[in-house]
Amino acid sequence: MNRLQRTLATLDGLPAPLRGAARNFALRRAVPLTGTAGLDFVALTPERSEIRIANRRPVQNHIRGVHAAAMTLVAETATGMVVGMNVRDDCLPLCKSLNVAFKKRATGALRAEAHLTAEQRELLAREPKGEVKVAVTVTDEAGIEPIQCEFVWAWVPKEKPQA
């Protein structure tokens, strides 16, 4: 169990109605932009994450839909959180590359779901550095995928080895 898992496990003792709000508060403080955008951390497990963003004024574009940057943010956060649930405490996760293709106009709020395979999770636990391509699906309220994304996450040791 890594640091992020331990932090979230401390919230398990809270009454069910408070857990989601406490999780959002803790994670929004850790990554301030997620709080600015009002991301909702719906589910976080070592296997998957689900993040939502409401279509509200601070994240809208000129046609009152979720802005392209906010669409990318929700996908990046979902992939980063599932990597964060698995990366070793002595390593730092970094988004190495992303590719986002805008396919359709989004309707309403967006939901991003990211997944890691058992093999990817084992690699993150075993190796001091490496990279994984993290699968993510972003859907809108109509059930359409307005964007298709590809994220590659790397992890490196927090401390450089002594020479």
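## Glutamate 113, a buried acidic residue

In this predicted model, glutamate 113 has a relative accessibility of 18%, so it counts as buried, the cut-off being under 20%. Glutamate 113 sits in strand β4, which covers residues 110-115.

What does the side chain of glutamate 113 make a polar contact with? The partner is the side chain of arginine 48, at 2.8 Å. Leaving aside residues up to four places away in sequence, glutamate 113 touches Arg48, Ser49 and Glu50 on the one hand, and Ala135, Val136 and Thr137 on the other. Arg48, Ser49 and Glu50 fall within β2 (48-53), while Ala135, Val136 and Thr137 fall within strand β5 (residues 130-140).

## The overall fold

Stepping back, the protein has five helices and six strands. Read from the N terminus, its elements follow the order α-α-α-β-β-α-β-β-α-β-β. The radius of gyration is 16 Å, close to the 15 Å that the globule rule gives for 163 residues, so the protein is as compact as a globular protein of that length. Along the principal axes, the C-alpha atoms fill a box of roughly 55 × 40 × 30 Å.

Some totals help to fill in this picture. Of the 163 residues, 41% are buried. Taking contacts between residues at least 6 apart in sequence, 66% join residues at least 24 apart. The accessible surface is about 9200 Å², and carbon and sulfur atoms account for 55% of that area.

## The nonpolar core

In soluble globular proteins, nonpolar side chains tend to be buried together. Here, the largest nonpolar core has 41 residues. Which of them touch the most other members? They are Leu39, Leu44, Ile53, Val134, Val136, Val138 and Cys149. Helix α4 gives the most to this core, with nine residues.

Cysteine 149 is a good place to look at this core in detail. Apart from residues up to four places away in sequence, cysteine 149 touches Ala75, Asn99, Val100, Val136 and Val138. Val136 and Val138 are also among the core residues that touch the most other members, and Val136 is one of the residues that glutamate 113 touches.

## Strand pairing around β6

Strand β6 (residues 147-157) runs antiparallel to strand β3 (residues 91-102), and 11 bridges join the two. Cysteine 149 appears again here, as the bridge partner of valine 100. Strand β6 also pairs with β5 in the antiparallel sense, over five bridges. In that pairing, lysine 133 of β5 stands opposite valine 152 of β6.

Between β5 and β6 the hairpin has six residues, and glycine 143 takes a positive phi near 85° there. Is glycine 143 buried or exposed? With a relative accessible area of 55%, glycine 143 is exposed, because it lies over the 50% cut-off. Its C-alpha atom is separated by 32 Å from that of leucine 124, although the two residues are 19 apart along the chain.

## Arginine 64, a second positive phi

Most residues other than glycine have a negative phi. Arginine 64 is not a glycine, yet its phi is positive, at about 65°. Where is arginine 64 found? Its place is the loop between β2 (48-53) and α4 (68-84), the latter being the helix that gives the most to the nonpolar core. Arginine 64 has 59% relative accessibility and therefore counts as exposed, the threshold being over 50%.

Key. Residues numbered from 1 in each chain as written. Predicted model: local features only at pLDDT ≥ 70, side-chain atom pairs only at ≥ 80, totals over all residues. Heavy atoms only, no water. Helix = DSSP H or I, 4+ residues; strand = E, 2+ residues; numbered from the N terminus. Buried < 20%, exposed > 50% of the residue type's maximum accessible area, 1.4 Å probe, protein only. Polar contact = N/O pair within 3.5 Å; in protein donor to acceptor, adjacent residues only side chain to side chain. Contact = heavy atoms within 4.5 Å. Core = buried A, V, L, I, M, F, W, Y, C linked by side-chain atoms within 4.5 Å. Pairing = 2+ DSSP bridges. Rg over C-alpha atoms; globule rule 2.2 N^0.38 Å. Areas by Shrake-Rupley, 256 points an atom, 1.4 Å probe, with all protein chains shown as cover.
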